[in-house]
Amino acid sequence: MNEQQFDQAIQSILNGDKSGLQQIYENYASYIYQVVLGIVKRKEDAEDIGGDFFIKLWQTADKYKAGSGHKGYLAT
C-alpha cells in the first residue's frame, strides 16, 4: 500500500466506510503484530494489542496528517 492508497483508506474511514479499515488491516496486520511483539515479547499480548490497535485507528483516523509517512504513523 503506497502513501496515496493509505490516505484514501483513511478518508474512507473518516466517511464511515469500513472498507478503508479493512484495506489497512489486510496490508498492515502482520506489520503491526511484529512491531507490538517486539515491544511486549508475548504472542498472546501482541495479538490482543494488535486487534485493539485497529479499533483505535478507526476512532482516531482524524488525527492522521495525509502524506506524513503512514508506516511511521502506524508504528507510533
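Is Phe54 buried or exposed? Select this residue in the predicted model: at 6% relative accessibility, Phe54 counts as buried, because the cut-off for that class is under 20%.

**Phe54 and its aromatic partner**

Add Tyr25 to the selection. The two rings form an edge-to-face aromatic pair, with 5.0 Å from centre to centre and 70 degrees between the planes. Tyr25 belongs to helix H2 and Phe54 to helix H3, 29 residues apart, and the pair thus links distant parts of the chain. Unlike the buried Phe54, Tyr25 is partly exposed, with a relative accessible area of 45%. In total, the structure holds six aromatic pairs. Next, display Phe6, Tyr28, Tyr31, Tyr64 and Tyr73, which form one aromatic cluster.

**Helix H1**

Proceed to residues 3–14, which make up helix H1. Its 12 residues should span 16 Å at 1.5 Å a residue, and the end C-alpha atoms are indeed 16 Å apart, so the expected and modelled spans agree. Colour Phe6, Ala9, Ile10, Ser12 and Ile13, the buried residues of H1. Viewed down the helix axis, they fall within an arc of 155 degrees and therefore line one face of H1. Showing helix H2 (18–40), helix H3 (43–60) and helix H4 (70–75) reveals part of what covers these buried residues.

Both ends of H1 merit inspection. At its start, a side-chain oxygen of Asn2 comes to within 3.0 Å of the backbone nitrogen of Gln4. Just after the helix, Gly16 adopts a positive phi of about 85 degrees.

**The nonpolar core**

Which residues of the largest nonpolar core touch the most other members? Select Phe6, Ile10, Ile24, Phe54, Leu57 and Leu74, which hold that position among its 16 residues. Two or more core residues come from each of H1, H2 and H3, and H2 supplies the largest share, five residues. Centre the view on Ile10: leaving aside neighbours within four places in sequence, Ile10 is in contact with Ile24, Leu57, Ala61 and Tyr64.

**The N-terminal segment**

Finish at Met1, in the segment before H1. With 26% relative accessibility, Met1 counts as partly exposed. Not counting residues up to four places away in sequence, Met1 touches Phe6, Ala9, Gln23, Ile24, Asn27, Tyr28 and His70. To see how distant parts of the sequence meet here, add Lys71: Met1 and Lys71 are 70 residues apart in sequence and 9.9 Å apart in space, C-alpha to C-alpha.

Note on methods
Residues are numbered from 1 along each chain as its sequence is written. This is a predicted model: local features need pLDDT of at least 70, side-chain atom pairs count only at pLDDT 80 or more; totals for chains, interfaces and linings use all residues. Side-chain values use heavy atoms; hydrogens and water are left out. Helices (H or I, at least four residues) and strands (E, at least two) are DSSP runs, numbered from the N terminus. The expected span of a helix is 1.5 Å times one less than its number of residues. Buried means under 20% relative accessible area, exposed over 50%, partly exposed in between (1.4 Å probe, protein chains only). The arc is that of the directions from the helix axis to the C-beta atoms. Contact means heavy atoms within 4.5 Å. A polar contact is a pair of N or O atoms within 3.5 Å; within protein, one must be able to donate a hydrogen and the other to accept it, and residues adjacent in sequence count only if both atoms are side-chain atoms. A nonpolar core is a set of buried Ala, Val, Leu, Ile, Met, Phe, Trp, Tyr and Cys residues joined through side-chain atoms within 4.5 Å. Rings of Phe, Tyr and Trp (its six-membered ring) pair if their centres lie within 6.5 Å; planes under 30 degrees apart count as stacked, over 60 as edge-to-face and the rest as tilted.
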